[in-house]
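I opened a fresh notebook page today and wanted to get to know a new structure. Here is what I looked up, entry by entry.

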Amino acid sequence: MSWRADVLTLFPEMFPGPLGLSLAGRGLREGLWSLAAHDIREHAKDRHRSVDGTPFGGGAGMVLRPDVVDAAVGAALAEMPDRPVIYLTPRGRLLDQALVRELAAGPGAVLLCGRYEGVDQRVIEARGMLEISIGDYVLSGGELAALTLLDACVRLLPGVMGAAESAAEESHGAEGLLEYPHYTRPAEWAGRAVPEVLLSGHHAAIAAWRRAESENITKERRPDLWARHETQRGGAGAIAGHPAAA
Ligand code: ADE
């Protein structure tokens, strides 16, 4: 059974959207992963097909009903129940490459996209949902966040990225460093030359230059990532006690 995503949304037309194109789209057509978008409204209980209500305690906006959301989650989980149920929300755990790797290594996910003010807290708890945010800003709904999370996961699935697009050396890769700069033809453009070493054919020198650039860019732009990289590097040797084996 390949990696499977079920998305619960009031706007199923938004899917697969960009995920139907490029590498993710090819993977989808080749069956390397699968995606189904489900309209939450299909699980409405009354003849008005209402999915939301005004918040108890007052306030602006509408809240998605727990009974409706629970039915939608139950239906989505029926075929492959061993998947995490993720609720996309700005108050969730920040998505990073470590979490992406973890999700991509699993069987898939059920993704709940909120609209309006949010989702009734009880169904979030009852279903043990994993709340995830894609960044500290507010979108008008969880759909673009779900597409982002799926894109990040799917490109890691076996066979989705060709050897040419290898994930090994990219930003946020195993080392937690940002990527070094890239250059292609022409060797001189608009009075700007490509760094000499890249034209030298000296592979060890090129690798050393790239490594140094990665480190400098990370230190400069993301001191938080650099600090984590440093602790991980130091930590591994200290725990093992045998730096040579690390
Ligand atoms: N829904 C609205 N804003 C969001 C965000 N930043 N991350 C995830 N889901 C969201």
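My notes below cover a small set of strands, a surface patch and the cysteines.

**Entry: the model.** I noted at the start that this is a predicted model.

**Entry: the sheet.** I asked myself in which order the strands of the open sheet run. I found three strands in the order S3-S4-S7, with mixed pairing. At the edges I found strand S3 (52–53) and strand S7 (118–119), each of which pairs on one side only. I then followed strand S4, residues 63–64, and saw that S4 pairs with S7 in the parallel sense, over two bridges. For Leu64 I looked up the bridge partner in S7, and that is Val119.

**Entry: the surface patch.** Next I looked for nonpolar residues on the surface. I found a patch formed by Tyr137, Leu139 and Leu144, which together have about 290 Å² of accessible area. I located Leu139 in the loop between strand S8 (130–133) and helix H5 (143–154). Is Leu139 buried or partly exposed? I put Leu139 down as partly exposed, because its relative accessibility is 34%.

**Entry: the cysteines.** How many disulfides does the structure hold? I counted zero. I wanted to know why Cys113 has no such bond. The closest cysteine sulfur, in Cys153, lies 14 Å from the sulfur of Cys113, so the two are too far apart for a bond; a disulfide needs the sulfur atoms within 2.5 Å. I also checked the cover of both residues. Cys113 is buried, with a relative accessible area of 1%, and Cys153 is buried too, at 0%.

Conventions
Residues are numbered from 1 along each chain as its sequence is written. This is a predicted model: local features need pLDDT of at least 70, side-chain atom pairs count only at pLDDT 80 or more; totals for chains, interfaces and linings use all residues. Side-chain values use heavy atoms; hydrogens and water are left out. Two strands pair if DSSP finds at least two bridges between them. Helices (H or I, at least four residues) and strands (E, at least two) are DSSP runs, numbered from the N terminus. Patches are made of residues with over 30% relative accessible area and no salt bridge: like charges are joined within 9 Å, nonpolar side chains (Val, Leu, Ile, Met, Phe, Trp, Tyr) within 5 Å. Accessible areas come from the Shrake-Rupley method with a 1.4 Å probe; for residues, only the protein chains shown count as cover. A salt bridge is a side-chain nitrogen of Lys or Arg within 4 Å of a carboxyl oxygen of Asp or Glu. Buried means under 20% relative accessible area, exposed over 50%, partly exposed in between (1.4 Å probe, protein chains only).
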